[in-house]
Every structure is written in C-alpha cells, then in structure tokens.
Amino acid sequence: MSDSNIIPKWLSVGVIPLMNLFLAFCVSGLFIFFIGENPFRAISVMIKGAFYYPGAIGYTLYYTTNFIFTGLAVALAFHARLFNIGGEGQAYVGGLGVGLVCLVFDQYVVGFLVTILAILGSVIFGAIWGIIPGYLQAKRGSHIVITTIMFNFIAAALMVYLLVNVIIEPGQMSPETRDFESGVGLVQIHILAKYLGLDMAMSPLNLSFIVALTVSVGFWFLVWRTKFGYEVRSLGHSETAAIYAGIKVSSTIIIVMAISGGLAGLVAINELLGVHNKLLLGFTAGYGFTGIAVALMGRNHPFGIFLASLLFGALYQGGTELDFEFSSITREMVLLIQGLIILFSGALAYMLNPLVERAYLKYYGNYSNA
Amino acid sequence: MKNIENKEGNETIDSLPSSTKLAIELKNITKRFGHVVANSDVNLKVSAGTIHGIVGENGAGKSTLMNILFGLYKPDNGTIFLNGQAVDVNSPEKSIALGIGMVHQHFMLVPTFTVLENAMLGNEGSMFLQSGEELVLDRLKGLSENYGLDVDFEAIISDTPVGMQQRVEILKALNRGAKILILDEPTGVLTPQETIGLFDILRSLREKGVTIVLITHKLKEIMSITDTVSVMRGGKVVANFSTEKTSPEELAENMVGRKVLLSIKKPTLKVGNPVLEVKNVSHESKDGVNVLKDISFDLRQGEILGIAGVAGNGQSELLDILSGIETLQRGQITVNDKTILPYQDWNSKKAREFGVAHVPEDRHKRGLVLPFYNYENSILGYHRNEEYSSGFLMDKRKIFNFVDDLVENFDVRPRSSSISSGKLSGGNQQKLVLAREIESNPKILLVGQPTRGVDIGAIERIYEDLMKLKSKGTAILLVSVELDEIMSLSDRIIVMNQGSIVGETNSSDATELDLGKMMSGLEKV
C-alpha cells in the first residue's frame, strides 16, 4: 500500500476515508431500499441505537473495547509484515487464562489480586497462542497465515473439550464454568458512576475500556519510540535491510507474535471479567476477525484503530437496534453493511485517490518544475 | 568556462546538420507525473540510419522519453513523427507495428525457453508451433548471419551468457520488424570484450539502415559508437552535438550543469598492516552452486583493494560473508586480529562491533529501509549504540543532532532529516548510506557498487569521501562492475570469474583489455 505523494495528508487520511465510508453507506442504503425499507429511517435508527438511546453509548464503547484489542493485535503483526489471522483463537485461549486463574484462586485470594492475575493470565495465554505460530514461521518457515488460521480451529476445539468435559460447572447442561466469586472482575462504568454520584444507564462498559486506551498509548510508544519498535518496523518494511542492520529476524518475529497474541487475549478481560463473570463457549464472537478490518481501516496506527473500533462498535450496536426495529432487516443485513464498509475502506481504499488527486491539482496545483 | 546556461532550450538543435531523412522526430513532448515534470517540451531529431546517443543523469528523463516513444506512456503534450509522419503511439503493440524495437536494461526473456522460442515470441509465424518454428528459424538465421548476431538457437536461455541473451533480445526486436532500435543501458552487464562485440553488431545494423537510439551514462561509449548525441538534464534536452565535434568533458559538463572533475586525486599513502585476511573461503549457495571457490587475499590499512568482475561471479556473496549477512561455510577470516571460523556466530551486528562497515551493493534492498525517514535510516544498524538511545528507548534528540550534521557534512540533498529516504535521488541515497557507514569510524569499509545509479555530481563527491577515508588509514574493499572506477580508485585489483580469483595486479600496471580478458575467464595471470 502506498500513499499518494501528490495530495496533502489531511486529504489522504482525513477526507478520503470519510468519502469511502459515505460511499459504503450509500450502497448499503440502496440495498435497504431494495428490500422495501426507507434507508433514511434505517440510518436514523442505527445512529440512535448506537449513540442516543439510554445506555447506547455504553454498549457501543463496550464493543469498541474488543475491537481496539484485536485491531492492535493485528496491527502490531502488520508492522512486522506478519498477517496474524489468529486473533480469534488467541482471544479465546486468553479466556482460558482468565478462567483458570479465577477458578483456581478466587476462593483463596482477595478479588482484586485475582483480577490482576487474571488479566496477566489472559495476556500470557494469548501470547502462547501467538508464539507457537510465530516460532513455526521464524524457525520452520510455516506460513503464519496458514498456522494462525489452523490455531483458531485448534483453540475452538480445545475450548469445547475443556468446557464440556473438564471445567464445566458440575450438574448443569450448558458448557460454562461456575461464576467467579464476587469481588473478582472489572467494575462496570455505570456502577462506578453511581459511586461518584452520577446517574448512567446500565451497559456492559467496564474498566477494560480504560485498559484498552492505555494499551493504545503503550502501543504507539512501543512501535515508534523504542529500539524494539524500530527493529520491528525495519523488518516489516524490508527484511533484507533488517538482516543487513544485524536485527535478529526470527526472535523479532516470535516476540511480535507473543505481544500480538497477548493483545488479542485481552478481549477476554472485557468479556469475562467485565460482563459474563465466567468462562463460556464462543465468547469471542468473531471479534478477532473483525480486528483485521479494524487494523486495515485504522492504518495500523492506534489512533486510527480507535476511530475504526468506534465505527465498528457503533455498527454492532446500531445494527442490533436495526434488527429489533425492522422485521425485514435481519442480522445478516447488518453483516452486509459491515462487509460493504470493509470493502470500500479496505479493499477499495485507494479507489478515489486518482479522482481526488485530479481535483486537487485542478484547484490547487501549479505545474512547477519541482 | 563556457556559460552553458546559454545552451538551454532548443537553440542548438538548429545548428545540427539537417539530415535529409529523419527516422524519429519528437516535437514538444511534455510528460508530467503529478507535480513532477519528467519531460518538459522535449525536441529530438534522429536521422535515419544513424546511431544517436542520449546521455543524462538518473532522473533526467531519458527513460521516460524512450517509454513514450515505445508507447508505454502517453505524453501530455507533443507529437511523435516517424519517417516524417505524425503517429499516435499509444501502446507497445502499436509501436512494434510501427517498427520500433526496444531492448530493456533488464532482459525480457523467458529463462526456461530456448533461444528460438524467445526470439520468436510475439511473432510466432503460424498458429501451430511446429510450422511456425520452421518458418521463423529460417528468417532468424538470415537475420543472425546478416548482422553478426551469433546465437545458439537450441540453447536454454538460463544457460546462456548475458551477451548472448542480449543478442536474442535484438533478434527478437528484428524478428518483429524493427527498423528503429532503442537500447537502454545495454553495456551494464557486459565485459569489455562483449561490449566491443555488441558495438560491431550495432555498426552492421546501421549499415543496413537500422536507426539506433542508445541510452547510456558511459561517455566513453557515446564517443566510440554514436554519430550524434543529445544531452538531457532536468527533463529537458539541453544540448545536441555531432559526436565528432564534442568531448566527454563537454558532455559531462552539460549533464551536470557545471564543470566536473572526471579524474581522481589518489592520496599517496604507505599502506600499513593487514587488517582483513581472507583464507581459502569457499561458499555454496542455497541452490547448491559453488559461488566462491577457495578465495584468499588480504587487505591492508589505508589500502583500496578493487574487486573487478562481471556481475554475478561471486563478488556479492563475498561481500555478504565478510559483512556477516551470510554464514561463513569454509575457510577463515581474520578481522583486526580476531579470527572467524566456519559456522561461528558471525552476523552483521558482530561485524560492526569488529569495525567492519558495509555499503551494500543494493541500497534499496539492504542499505536503506525506503519508507523510513532519513533520521531513521541514518542509524540503521547502529540503532543499539548508546549515542542514539537511552535504555530501550530511542533518543530522538540525539538522533536528530546526528542526522542534521550528517546531511550537512555529506551534502545529502534535500538537507532534511524528516523526508522519506525513498524520495531522495539515487545519488543522495547513496551519500546517506556512505555517510552513515563512514561516521561509524570503521577500520574496514566494504563497498559494493558505490556509484550504481548515481549521478555524476554525486559520484565526484562519493570518490572524494572514499579518498578521505583512505587517507585516515581505513582499509577499503571496493567491489564494482565499472572497470573505470576500479582502475582509478584502487591501489590493487583482483579479478573474479565464476567464484574464483583469476588474477591480481597493481592498478598502475592494469589495462582495461587485460582485465577484460581475465574477467571473461579467458586468461589467468
């Protein structure tokens, strides 16, 4: 991917993505029109659903949190030119880390400490699920795309086995563990607000959101301010130059995949410690995959990833409202809209560039002999 | 000094002897890429049956102009006349149909096909291969004899020497009916002997009425083969000459826009103790080819040792091993009294710690991370040094202080620390790499192709910097495919052919022809 060097930056990273988004919404509107609904009413329901109704913003930000984690996970790997498709599995296994820590310690240790350990558990387990494909890529040359995809399946199978046979709460049918003891978990924001005397509508938004923002800043620092980040970016742009610079390619790949897996694993703290309070089947719900689109749209920069996560969070939440409001608009329709957004802002991200370049040159361009 | 600015524009065109028949005439060709004007109001006349040279530095617009003529680019303005008729060349197919053939710098051949299959590509003669081959073979044999294009039609391309591959390219163009032949830097990969052979072919083509446009940066070649020559600079044709009435100095002056020194002042210096000793080094590539065979030499303080050879005879692998990019497989290297044995821990990081700096042959692939800013590239390989970091963090202020001095002292233009290195010209990229490596105060500097794709102005500067480093006592190993460069910079020259050292000589005793013979493996000295 290369950015145009004709048009200024505010056009290429500000205006063009908005135009892409607008186009995606226009085409989505057409589809809604064709199934016999009013696209303008649909969009207003969606926006209200995502931002306006009581608790809507909380829900949107709750989804946003997941996308930030998985988006950053994919983005870090991208900086080393590794395509980590395994965010889903890494998040899932991260959940195992949370679950095991809580189930083992929650009856003996204070809840606060267990929560801290559980957060570490999510990172470490996620990291392990990233390290293995990383090692296979670095030392054995197995392509990371293939291995991470396979590891998603392995993670799913492993979790089914464990949840059905091993750590299921005895005496019940649904494949879930017992609830974690009270005192374990991340406080939901609306409860926190009540302590502060503020009245907020109930929503699953919890402290994980703050963790996500902190991690985003840390991500920026790691990639652009540390020697390690420098080595990662060198490797990502040019492996041959990295070798020339004496950078150890294989260990860099393994460490990147460890951090990437750890970031994805953090999805588990939002879902399990923040909301469900137990380990359950399929809690990752595709967030790992959507993270790829988020990283792509956010151009692998934490700020961009935050904005893209917000967009996808709003789509998830607003989409749920659409599903409620219109009988003819189903969950699949929402997926279609998401797909169109990914299409226009990911695959067709540079489609409008020539057009904008021409327009820009026409109004601002002077053909100097530069 | 003549004021060459007066020659700007197209005035000199009219002073050329007007030939009766023009094969090519370009009128007011302008081509822009966004803000960048690659060709600005270019006029060019080439008489039929002549060899016309186009010289100019990288980025002067030579390739753009030829790509326009060949139909790869569409000009924004201007007209192309072929044999007096205005034509619209909007695709390579069209230009081939109009009788234009192009031999690219990097050959466009299918390596697994035979010479015949490659030569007939694009004009197969018949729908069925068998009958087509017979038909084309006849025609090709005729062409081959007529023009002295000696090829083996049965051979597989990947087994043939580059010289023959080039003849196949020319045959291919002629087979498609080319009356005008454009050659882009045709001698870059040839030995001096092969170059002489190519020029004989070009002369016989000219005799048969073929018009040839030769793009090159080697002024000596322009002087020896062309009839007329155009100089391009900054997207414009700045001067036209009849070759016999000009000199390399005048051409260089026009290319650069100021007077240039083509000769180099070598500092007289007594060489010191050996700092690099290479003993019986052999190397097998990943494909199992013996790319280095029993290489031994030593390099002394304050000495420049040149390694001459046609590209691909093991020089690159030798540089890779010495700089720690490749593992040493057999033999022994001693760097500043430290000995490296086969399969020992030896990498670029360690090489730098031992005082070995490396200006790699391919600055795009190795020397620079192109999307990185200058300040990031200025510490590539040295980013762990305490000068640029504190703990695990990069110290941006220190880096900026360093790079600001660097671009200033080594004349990297534009003098900016925050521009992507990929946007610099080749010469300035090379200056940046060289500056970085020199600033590390190396004991040994390995230099590969220091002036490949570098403009004359920058070449002058790079040679100066190398000489300055030499006089400080640094040992320099210079690998280059440019014989002139090797001969004028080195104190001692070794010649490599097929992975072996086939000769060694003092540069004062060396002649181009002797070296050429050694390079082609014909003679051992």
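Chain A is built from 16 helices and zero strands. Its radius of gyration is 22 Å, close to the 21 Å that the globule rule gives for 370 residues, so chain A is as compact as a globular protein of that length. This is a predicted model, and every value here is computed from it.

Stay with chain A for its overall dimensions. Along the principal axes, its C-alpha atoms fill a box of roughly 75 × 60 × 40 Å. Of its 370 residues, 54% count as buried. Take the contacts between residues at least 6 apart in sequence: in chain A, 76% of them join residues at least 24 apart.

Now the surface and the charges. Chain A exposes an accessible surface of about 16,800 Å². Carbon and sulfur atoms account for 69% of that area. The chain carries 17 positive and 17 negative side chains. The centres of these two sets lie 15 Å apart.

Chain B has another make-up: 17 helices and 22 strands. How does its radius of gyration agree with that of a compact globule? For 525 residues, such a globule would have a value near 24 Å; chain B has 25 Å, which agrees. The C-alpha trace of chain B spans about 70 × 55 × 45 Å along its principal axes. Of the 525 residues, 55% count as buried. Among chain B contacts between residues at least 6 apart in sequence, 66% join residues at least 24 apart.

The accessible surface of chain B comes to about 22,600 Å². Here 49% belongs to carbon and sulfur atoms. Chain B has 59 positive and 69 negative charges. The mean positions of the two sets are 4 Å apart.

Next, the interior. Which residues touch the most other members of the largest nonpolar core? They are Val98(A), Leu273(A), Leu322(A) and Leu445(B), in a core of 136 residues. Helix H3 of chain A, residues 56-79, gives the most to this core, with eleven residues. A second, separate core has 37 residues. Among them are Leu109(B), Leu116(B), Ala155(B) and Leu183(B).

Leu322(A) deserves a closer look. Setting aside residues up to four places away in sequence, it touches Ala42(A), Val45(A) and Met46(A). It also touches Ile329(A), Val334(A) and Ile337(A).

Val98(A) leads on to Ser122(A). Ser122(A) lies in helix H5 of chain A, residues 111-140. Is Ser122(A) buried or exposed? At 0% relative accessibility, Ser122(A) counts as buried, because the cut-off for burial is under 20%. Leaving aside neighbours within four places in sequence, Ser122(A) is in contact with Gly94(A), Gly97(A) and Val98(A). Its contacts also include Gly265(A), Leu266(A), Ala268(A) and Ile269(A).

Finally, go to Gly246(A). It sits in the loop between helix H10 (239-244) and helix H11 (249-265) of chain A. Gly246(A) has 9% relative accessibility, so it counts as buried. Which residues is Gly246(A) in contact with, leaving aside its neighbours within four places in sequence? They are Ser348(B), Lys349(B), Arg352(B) and Arg384(B). Within chain A, Glu231(A) is 15 residues away from Gly246(A) in sequence. Their C-alpha atoms are 9.6 Å apart in space.

Terms used. Residues numbered from 1 in each chain as written. Chains lettered and ligands numbered in written order. Predicted model: local features only at pLDDT ≥ 70, side-chain atom pairs only at ≥ 80, totals over all residues. Heavy atoms only, no water. Helix = DSSP H or I, 4+ residues; strand = E, 2+ residues; numbered from the N terminus. Rg over C-alpha atoms; globule rule 2.2 N^0.38 Å. Buried < 20%, exposed > 50% of the residue type's maximum accessible area, 1.4 Å probe, protein only. Contact = heavy atoms within 4.5 Å. Areas by Shrake-Rupley, 256 points an atom, 1.4 Å probe, with all protein chains shown as cover. Lys, Arg positive; Asp, Glu negative; His and termini not counted. Charge placed at Lys NZ, Arg CZ, Asp CG, Glu CD. Core = buried A, V, L, I, M, F, W, Y, C linked by side-chain atoms within 4.5 Å.
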